[in-house]
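Here are some short exercises to work through with the model open beside you. Try each task before you read its solution.

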Amino acid sequence: MEEAPTVSLTAPSAESPKARIVRRTGFQAPYSRDQYVSCAGHIFSAVALYGSLAALASQADARTLANSLATQETAIIVALGVHVLVTGLLLYAWYSCEACDPGDQETTDTPWLGFVLSGPRWEKSKYCAVCRKTIPGMDHHCTWLNTCVGKRNYAQFFTIALCGVVQFLVQCSITLLLLAAWNDWRVAYGLASPVALAVQIGLAVCAIVSVPCLIMYTTLLVFHVYLAWLGYGTYDYYLKQRDAQRAKRRSQQSATIELTHKPTPV
């Protein structure tokens, strides 16, 4: 999930040493730990899934499927087609989001897949203390992408979140479907012990990685849909939450002071 964005409304002076070190894109070193983790999660889970299915498919000539398993096999093939398309779109959105400079003031209105963001939410510029630059329409600094998300690349970011939900939902569905009736699939495909064990381990690895990734992506997507409904971005949301908490604390402190100074009846 996201962390509270590290931003400032004012940029450092031009003479400051930090002002000369500016992050342009997410591909610029140093890379973040979360960036490595997110890439590893996608790669390992996909490799485990397709490796397991490839081993299963290698035994397809010997399979004898009951009607229920044949229907499930067709559903899995269709789901894999969706998975390939969605993963392709996710990779394109990821590369586009990482490769662009969200601080570029000249190309903020350049459409991405026909989408151009407009409205008051995207007209505010904020300074990011991590990237050390001003971002038009800044939403937050994403440690998972290691770049700022603003007007220029928010559409790509939202696409990543949406595709991530679909990708890991498909992976979870396929792996859990196969593991839930594993003995039936093993017998139907006539899997020998070494191959059966390898497929089972691969599916288990995919499920173990995919389930938490699905939860995180779903939480991220729901949160940003909620922000869109509210009409403001991540940074503004955290500011409002902070102000509300401070107001609540002040109210509690005032109530405590009033009780402390309340005269005791004789």
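**Exercise 1. The order of elements**

In what order do the elements of the protein chain run from the N terminus on?

Solution. Keep in mind that this is a predicted model. Start by counting: the protein chain has 6 helices and 5 strands. Then walk along from the N terminus, and the order reads β-α-α-β-β-β-β-α-α-α-α. To finish, look at the contacts between residues at least 6 apart in sequence: 76% of them join residues at least 24 apart.

**Exercise 2. Annotated spans**

Find where UniProt places the feature "transmembrane region", and describe the chain over residues 35-56 and 217-239.

Solution. Begin with the record: the unreviewed UniProt entry puts this feature at residues 35-56, 76-95, 154-180 and 217-239. Next, take residues 35-56, a span that is 100% helix and 0% strand, with its end C-alpha atoms 32 Å apart. Now turn to residues 217-239, where the chain is 87% helix and 0% strand and the end C-alpha atoms are separated by 23 Å.

**Exercise 3. How two helices cross**

Work out how α2 and α4 are oriented to each other, and list the residues that make their contact.

Solution. First locate the pair: helix α2 covers residues 67-99 and helix α4 covers residues 182-189. Their axes lie 12 Å apart at an angle of about 95°. Angles of 65 to 115 degrees count as roughly perpendicular, so α2 and α4 are roughly perpendicular to each other. From α2, the contact involves Leu 69, Gln 72, Glu 73 and Ile 76, while α4 brings Asp 184, Trp 185, Ala 188 and Tyr 189. Sorted by class, the contact of α2 with α4 has 5 nonpolar, 1 polar and 2 charged residues.

**Exercise 4. The nonpolar cores**

Identify the residues that touch the most other members of the largest nonpolar core, and the helices that supply this core.

Solution. The largest nonpolar core has 22 residues, and those touching the most other members are Leu 53, Ile 174, Leu 178, Trp 182, Trp 185 and Tyr 189. At least two residues of this core come from each of α1 (33-57), α2, α3 (154-180), α4 and α5 (193-230). Another core, of 21 residues, lies apart from it and includes Cys 97, Leu 117, Ile 160 and Phe 168. For the chain as a whole, buried residues make up 41% of the 266 residues.

**Exercise 5. Gln 167 and its surroundings**

Is Gln 167 buried or exposed, and which residues does Gln 167 touch?

Solution. Place the residue first: Gln 167 sits in helix α3. Its relative accessible area is 2%, and buried means under 20%, so Gln 167 is buried. Leaving aside residues up to four places away in sequence, Gln 167 touches His 42, His 83, Val 86, Thr 87 and Leu 90. The C-alpha atoms of Gln 167 and Val 84 are 8.5 Å apart, although 83 residues separate the two along the chain.

**Exercise 6. Unusual backbone geometry**

Which residues does a cis peptide bond join, and where do Leu 113 and Asn 146 lie?

Solution. Recall that most residues other than glycine have a negative phi, and most peptide bonds are trans. Ala 29 and Pro 30 are joined by a cis peptide bond, with omega about 0°; Pro 30 is in the loop between β1 (7-8) and α1. Leu 113 has a positive phi, near 55°, and belongs to the loop between α2 and β2 (125-128). Asn 146 also has a positive phi, near 60°, and lies in the loop between β4 (140-142) and β5 (147-149). With 6% relative accessibility, Asn 146 counts as buried.

Notes: Residues numbered from 1 in each chain as written. Predicted model: local features only at pLDDT ≥ 70, side-chain atom pairs only at ≥ 80, totals over all residues. Heavy atoms only, no water. Axes fitted to C-alpha atoms, helices over the stretch in contact; angles between N-to-C directions. Helix = DSSP H or I, 4+ residues; strand = E, 2+ residues; numbered from the N terminus. Parallel < 35°, antiparallel > 145°, perpendicular 65-115°, else oblique. Contact = heavy atoms within 4.5 Å. Nonpolar A, V, L, I, M, F, W, Y, C, P; charged D, E, K, R; others polar. UniProt positions renumbered as here; feature names shortened; annotations may be inferred. Core = buried A, V, L, I, M, F, W, Y, C linked by side-chain atoms within 4.5 Å. Buried < 20%, exposed > 50% of the residue type's maximum accessible area, 1.4 Å probe, protein only.
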